[in-house]
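Colleague: I have a few labels to query. Please justify each one with its value and its cut-off.

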Amino acid sequence: MYTIGEIAKIMKLSVPTIRYYDSEGLLINVKRDSAGNRIFDDKDIDTFVLIDCLKQSGLKIKDIKKFIDLCRLGNDSLQERLEFFINQEKVILKEIQKLDKCLSLIKFKQWYYQTAIAKNDEEYVKNMNPNDYPTEPKLNFQKAHK
């Protein structure tokens, strides 16, 4: 069993954030010790990991709460929970595509400035035909401009 302070350290969360999650209904069946303090177990850590993952994937607390509410329904909500994750996967894949495009542009710009520095002339690179770029910068340029 873990105290709220221990969970805060493990999960790199503040104690008020954990209390907020509890007050918003994100934590299922939080146990309390004889003094009324929240205590957590390994299953609770799994819940915190899930909440963190869903937040990082762009979900708001209210949307995470909807998922937790589905969990409370038990087996009757299994299909809805699967659909929840299928939809979230689509959101994440779209974000990955956007970030991949950004990364390609950043890699291209690194080549661009490295070449300009090597030639001591940005105009040299500016005036290059994209078809004349080396293979990797050309691919990054094309990917960034799709």
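Modeller: Partly exposed means a relative accessible area between 20% and 50%; under 20% is buried and over 50% is exposed. Bear in mind that this is a predicted model.

Colleague: Why is Asn129 called partly exposed?

Modeller: Its relative accessibility is 38%. Buried needs under 20% and exposed needs over 50%. Asn129 meets neither limit, so it counts as partly exposed. Asn129 sits in the loop between helix 6 (122-126) and helix 7 (135-144). Asn129 and Lys109 are 20 residues apart in sequence, and their C-alpha atoms are 15 Å apart.

Colleague: What makes Glu80 partly exposed?

Modeller: The value for Glu80 is 42%. That falls between the two limits, 20% and 50%, so the label is partly exposed. Glu80 belongs to helix 5 (residues 78-119). From Glu80 to Leu54 the C-alpha distance is 16 Å, with their positions 26 residues apart in sequence.

Colleague: Lys12 and Asn29 next. How do you know whether Lys12 is buried or exposed?

Modeller: Lys12 has 76% relative accessibility. The limit for exposed is over 50%, so Lys12 is exposed. Lys12 lies in the loop between helix 1 and helix 2. Its phi is positive, about 55°, although Lys12 is not a glycine.

Colleague: And what makes Asn29 exposed?

Modeller: A relative accessible area of 62%. That is over 50%, so Asn29 counts as exposed. Asn29 is in the loop between helix 2 and strand 2 (31-32). Asn29 has a positive phi too, near 50°, and is a residue other than glycine.

Colleague: Why is Ser57 called buried?

Modeller: Its relative accessible area is 14%. Buried means under 20%, so Ser57 qualifies. Ser57 is found in the loop between helix 3 and helix 4. Leaving out residues up to four places away in sequence, Ser57 touches Gln88, Val91 and Ile92.

Colleague: How do you know that Ile51 is buried?

Modeller: Ile51 comes out at 1%. The limit is under 20%, so Ile51 is buried. Ile51 lies in helix 3. Not counting residues up to four places away in sequence, Ile51 touches Tyr21, Leu26, Leu27 and Ile64. The C-alpha atoms of Ile51 and Leu26 are separated by 8.0 Å, although the two are 25 residues apart along the chain.

Colleague: What makes a group of residues a nonpolar core?

Modeller: Its members must be buried, come from a set list of residue types, and be joined through side-chain atoms within 4.5 Å. The largest such core here has 19 residues. Ile18 and Phe48 have the most contacts inside it. Helix 1 (4-11), helix 2 (15-23), helix 3 (42-56) and helix 4 (61-72) each give two or more residues to this core. There is also a second, separate core of eight residues, including Trp111, Tyr112, Ala116 and Val125.

Colleague: Which residues does Phe48 contact, beyond its neighbours within four places in sequence?

Modeller: Ile7, Met11, Leu13, Ile18, Tyr21, Leu27 and Phe40.

Colleague: Why is helix 1 called roughly perpendicular to helix 2?

Modeller: Two packed helices are described by the angle between their axes and the distance between the axes. The axes of helix 1 and helix 2 come within 9 Å and cross at roughly 105°. Roughly perpendicular covers 65 to 115 degrees, so helix 1 earns that label against helix 2.

Colleague: Which residues meet there, in helix 1 and helix 2?

Modeller: Ile4, Gly5, Ile7 and Ala8 in helix 1 meet Val15, Ile18 and Arg19 in helix 2. By class, this contact has five nonpolar, one polar and one charged residues.

Colleague: Last, the cysteines. Why is Cys71 not bonded to Cys53?

Modeller: A disulfide needs two cysteine sulfur atoms within 2.5 Å. The sulfur of Cys71 is 13 Å from the closest cysteine sulfur, in Cys53, so the pair is too far apart for a bond. A search of the whole structure finds zero disulfides.

Colleague: Are Cys53 and Cys71 buried, exposed or partly exposed?

Modeller: Cys53 has 42% relative accessibility, and Cys71 has 22%. Both values lie between 20% and 50%, so each cysteine counts as partly exposed.

Methods:
Residues numbered from 1 in each chain as written. Predicted model: local features only at pLDDT ≥ 70, side-chain atom pairs only at ≥ 80, totals over all residues. Heavy atoms only, no water. Buried < 20%, exposed > 50% of the residue type's maximum accessible area, 1.4 Å probe, protein only. Helix = DSSP H or I, 4+ residues; strand = E, 2+ residues; numbered from the N terminus. Contact = heavy atoms within 4.5 Å. Axes fitted to C-alpha atoms, helices over the stretch in contact; angles between N-to-C directions. Parallel < 35°, antiparallel > 145°, perpendicular 65-115°, else oblique. Nonpolar A, V, L, I, M, F, W, Y, C, P; charged D, E, K, R; others polar.
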